[in-house]
Amino acid sequence: MSLLYSLLIGAIAGWLAGKLMKGGGFGLLLNIVIGIIGGIVGNWLFATLGISLMRGVIGDILTGAIGASTILFIAGLFKK
């Protein structure tokens with residue numbers, strides 16, 4: 001069940017990151033994959049910085065979206 005939860009949260013976070021990074025996205029499907037990876041990056045980034053967002057689903061989505069936005073930003077630098 002936790003794998004399904006991670007995939008669903010990652011998909012929402014990737015979609016949200018694609019909307020936040022206008023012009024920086026790679027299409028819906030790849031943004032969802034980036035969202036899943038972004039969840040991992042976001043959790044690592046916030047743990048390293050000692051930052052804690054809200055708990056629960058909303059906090060997980062925000063963490064994933066920020067991580068995915070970071071990945072999209074960095075990938076956008078190499079895309080051009």
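The exercises below work through the helices, the largest pocket and selected residues of a predicted model.

Residues are numbered from 1 along each chain as its sequence is written, and side-chain values use heavy atoms, with hydrogens and water left out. Local features need pLDDT of at least 70 and side-chain atom pairs count only at pLDDT 80 or more, while totals for chains, interfaces and linings use all residues.

**Exercise 1. Helix lengths**

Find how far H1 and H3 reach from first C-alpha to last, and set each value against the expected span.

Solution.
- Step 1. Helices are DSSP runs of H or I with at least four residues, numbered from the N terminus.
- Step 2. The expected span of a helix is 1.5 Å times one less than its number of residues.
- Step 3. H1 contains 19 residues and reaches 26 Å, close to the expected 27 Å.
- Step 4. H3, residues 57–79, contains 23 residues and reaches 31 Å, close to the expected 33 Å.

**Exercise 2. Buried faces**

List the buried residues of H1 and H3, and state what covers them.

Solution.
- Step 1. A residue is buried under 20% relative accessible area, exposed over 50%, and partly exposed in between, using a 1.4 Å probe and protein chains only.
- Step 2. In H1 the buried residues are Ile-9, Gly-10, Ala-11, Ala-13, Gly-14, Ala-17 and Gly-18.
- Step 3. The cover over the buried residues of H1 includes H2 and H3.
- Step 4. In H3 the buried residues are Gly-59, Ile-61, Thr-63, Gly-64, Ala-65, Gly-67, Ala-68, Ser-69, Leu-72 and Gly-76.
- Step 5. Helix H1 (2–20) and helix H2 (28–49) are included in what covers the buried residues of H3.

**Exercise 3. Thr-63, Tyr-5 and Asp-60**

Place Thr-63, Tyr-5 and Asp-60 in their helices, class each by accessibility and give its contacts.

Solution.
- Step 1. Contact means heavy atoms within 4.5 Å; the lists below leave aside neighbours within four places in sequence.
- Step 2. Thr-63 sits in helix H3 and is buried because its relative accessibility is 8%.
- Step 3. The contacts of Thr-63 are Gly-38, Gly-39, Gly-42, Asn-43, Phe-46 and Leu-53.
- Step 4. Tyr-5 belongs to helix H1 and counts as partly exposed, at 35% relative accessibility.
- Step 5. Tyr-5 touches Gly-56, Val-57 and Asp-60.
- Step 6. Asp-60 is in helix H3 and is also partly exposed, at 30%.
- Step 7. Asp-60 is in contact with Tyr-5 and Ile-9. Its C-alpha is 9.1 Å from that of Gly-42, with their positions 18 residues apart in sequence numbering.

**Exercise 4. Two leucines**

Are Leu-20 and Leu-28 buried or exposed?

Solution.
- Step 1. Leu-20 lies in helix H1, and its relative accessible area of 56% makes it exposed.
- Step 2. The C-alpha atoms of Leu-20 and Ile-66 are 9.5 Å apart, although the two are 46 residues apart along the chain.
- Step 3. Leu-28 lies in helix H2 and is exposed because its relative accessibility is 55%.
- Step 4. From Leu-28 to Asp-60 the C-alpha separation is 20 Å, for 32 residues along the chain.

**Exercise 5. The largest pocket**

Describe the volume and lining of the largest pocket.

Solution.
- Step 1. On a 1 Å grid over the protein atoms alone, a pocket is an open set of points where a 1.4 Å probe fits, with protein on both sides within 12 Å along at least five of seven lines; lining residues have an atom within 4 Å of a point.
- Step 2. The largest pocket holds about 200 Å³ of space, a volume being the space filled by probe spheres set on the points, which are joined across faces, edges and corners.
- Step 3. The lining has 13 residues, and Ser-6, Ile-9, Gly-39, Ile-40 and Asn-43 lie nearest the centre.
- Step 4. H1, H2 and H3 each supply at least two lining residues.
- Step 5. The lining divides into five nonpolar, seven polar and one charged residue. Here Ala, Val, Leu, Ile, Met, Phe, Trp, Tyr, Cys and Pro count as nonpolar, Asp, Glu, Lys and Arg as charged, and the others, Gly among them, as polar.
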